[in-house]
Amino acid sequence: MKQEIKNALIQLFESWADDKVVETELLPQSGSYREYIRLIGQKRIVLGAFNEDKKENHAFVSFSNHFASKGLPVPKIYHQNEAQNMYLLQDLGNTTLFDYILNLRVGEGFANDLIVIYKKIINQLVRFQIEGREGLDYSACYPRDSFDKQSMIWDLHYFKYYFLKLAKIPFDEQLLENDYQNFTDYLLEAPRDYFLYRDFQSRNIMLVNGEPWFIDYQGGRKGALQYDLASLLYDAKADLPQEVRDELLEYYIQEVQKVQAVDVDAFRSFFHGYVLIRIMQAMGAYGFRGFYERKEHFLKSIPFALQNLNIILSRLNLPVELPELTMVLNAVLQSDFLKQVGQKEKIKLHVEINSFSYRRGIPLDKTTNGGGFVFDCRAIHNPGRYPEYVEMTGKDQSVIDFFKERSEMDDFLQSVYAIVDMSVNKYIKRNFHDLQVSFGCTGGRHRSVFSAESLAKHLREKFDVNISLRHIEREIEGE
């Protein structure tokens with residue numbers, strides 16, 4: 001984010017909130033070009049957003065206000081400066097459904113807690129689709145007010161030009177276009193007078209105190225019920241087991257039937273068709289971002305998308321012939337090039353270790369799992385009480401000798417090692433990304449620094465992990 005944009009967002013916050021920004025935190029960009037910054041004031045915390053696309057901003061703000069009026073869990077829009085393409089919105093934290101999935105998945109199974117959360121999400125999805133459409137200003141939709149034939153053809157061309165061609169999959173262009181026409185004509189037979197969220201997937205669902213909240217619906221428009229459900233259940237890197245998808249599909253049908261009649265057989269048939277077009281749209285995005293823009297993390301979704309494609313093709317039974325498209329999709333599955341792209345890799349655990357002063361408060365957890373450990377070192381005999389050690393830190397040899405000879409530090413650390421080792425072992429087995437461990441004491445200079453240094457040394461010697469070590473009080477003091 002450019003400094004002038006950051007400054008303008010800070011000014012927008014301070015003039016609106018009558019508050020002073022004391023800290024800022026840039027949020028990582030995902031698949032969009034929007035930029036977000038967390039603005040931490042003395043009295044409140046909000047997100048500042050900047051997006052040069054005025055129409056997209058208008059759609060997001062308009063939809064947010066509408067959904068909030070329906071009692072749907074979406075972020076509040078606090079303030080907007082349309083001329084500067086900026087707005088302030090409610091901060092929902094850092095935990096997306098995708099982050100939660102990564103940290104709760106158990107072995108090859110699927111945690112029951114996740115199924116409970118997915119059912120809560122499905123309950124809200126039905127509300128968005130049916131309650132949310134009532135009174136919605138569809139003129140705010142961008143770029144179109146309906147997931148119509150034109151929208152579908154755009155997605156299929158996205159797949160053709162940014163995935164098939166860049167992956168060097170051969171096809172007859174005219175025959176493929178003929179199949180595109182037949183395929184979209186079939187999909188358009190499904191009832192389409194509902195709100196279609198458009199990008200209803202795990203990175204656009206936040207978890208706040210265990211409850212789902214929803215973001216990034218600015219691409220919404222009228223459409224069929226099946227599309228958003230397909231987006232949720234066949235979200236590539238969420239990698240839901242097929243039996244869980246089947247269970248959640250049945251649950252969704254039950255929930256919809258509570259508010260309107262549904263032809264279940266027709267619903268399932270259309271659902272498989274919408275799963276297919278959604279997978280193709282997603283592959284187009286991976287190709288554009290990965291092959292064309294050379295953003296490697298998008299390529300890592302391709303193996304998951306290939307798995308999903310293989311599953312849906314084995315279940316597809318559409319009342320329309322699509323010979324060229326079927327041939328092309330099978331060629332995608334058989335491509336040696338694609339089998340090598342974005343192969344799943346073992347993620348090395350990152351352990352963040354901090355020392356801090358309780359006078360300034362416990363460090364903010366910026367990891368994806370929202371946990372870890374905070375150890376209070378204030379029960380340990382404090383060398384900072386003696387004049388000869390006051391100007392030293394836990395890294396100085398005299399202080400180290402003090403802890404070895406005149407304190408309970410060794411017993412304390414042995415207990416810490418036992419607890420942290422248990423988590424590190426489990427996190428490595430489950431391929432988690434992050435673990436945060438913080439040590440606090442009164443001044444943040446002696447006991448906490450020595451403890452943090454000792455744990456870092458212990459973990460480096462015992463585990464193959466990445467370690468980052470911060471002494472927050474020393475950083476503040478400029479040491």
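Visitor: What makes strand E3 (residues 45-50) and strand E5 (residues 86-90) a pair?
Guide: Two strands pair if DSSP finds at least two bridges between them. E3 and E5 are joined in the antiparallel sense over 5 bridges, so the criterion is met. Gly-48, for example, has Leu-88 of E5 as its bridge partner. The model is predicted: local features need pLDDT of at least 70 and side-chain atom pairs pLDDT 80 or more, while totals for chains, interfaces and linings use all residues. Residues are numbered from 1 along each chain as its sequence is written, and side-chain values use heavy atoms, without hydrogens or water.

Visitor: Why are E1 and E4 said to stand at the edges of the sheet?
Guide: The open sheet has 5 strands in the order E1-E2-E3-E5-E4, with antiparallel pairing. Strand E1 (21-26) and strand E4 (77-81) each have a single partner strand, so one side of each lacks a neighbour in the sheet. From one strand to the next, the twist averages 25°; such angles run from 0 to 180 degrees between N-to-C directions, with axes fitted to C-alpha atoms, for helices over the stretch in contact.

Visitor: How do you know that helix H1 packs on the sheet, and which strands does it touch?
Guide: Contact means heavy atoms within 4.5 Å. Helix H1 (residues 3-17) touches E1, strand E2 (35-41), E3, E4 and E5, and its direction makes about 60° with that of E5. Helix H2 (residues 54-69) also packs on the sheet, touching E4 and E5, at about 155° to the direction of E4. Helices (H or I, at least four residues) and strands (E, at least two) are DSSP runs, numbered from the N terminus.

Visitor: Why is the meeting of Lys-120 and Glu-211 called a salt bridge?
Guide: Side chains of opposite charge can pair when their charged atoms come close. The term requires a side-chain nitrogen of Lys or Arg within 4 Å of a carboxyl oxygen of Asp or Glu. For Lys-120 and Glu-211 the N to O distance is 2.7 Å, so the pair qualifies. Lys-120 lies in helix H4 (residues 112-131) and Glu-211 in strand E8 (residues 211-214), so the bridge ties together parts 91 residues apart in sequence. By this rule the count comes to 28 salt bridges, and Glu-25, Arg-38 and Asp-91 are linked in a network of them.

Visitor: What makes Glu-131 and Arg-127 a salt bridge, and how far apart are they from N to O?
Guide: Their N to O distance is 3.3 Å, which satisfies the cut-off. Both residues lie in helix H4, 4 residues apart, about one turn of the helix.

Visitor: Why does Asp-216 count as buried or exposed?
Guide: Buried means under 20% relative accessible area, exposed over 50%, and partly exposed in between (1.4 Å probe, protein chains only). Asp-216 has 13%, so it counts as buried. This residue is found in the loop between E8 and strand E9 (221-223) and has a positive phi of about 55° although it is not a glycine.

Visitor: What is the corresponding verdict for Arg-294?
Guide: Its relative accessibility is 71%, so Arg-294 counts as exposed. Its phi, near 60°, is a positive value in a residue other than glycine. Arg-294 is found in the loop between helix H9 (264-292) and helix H10 (296-299).
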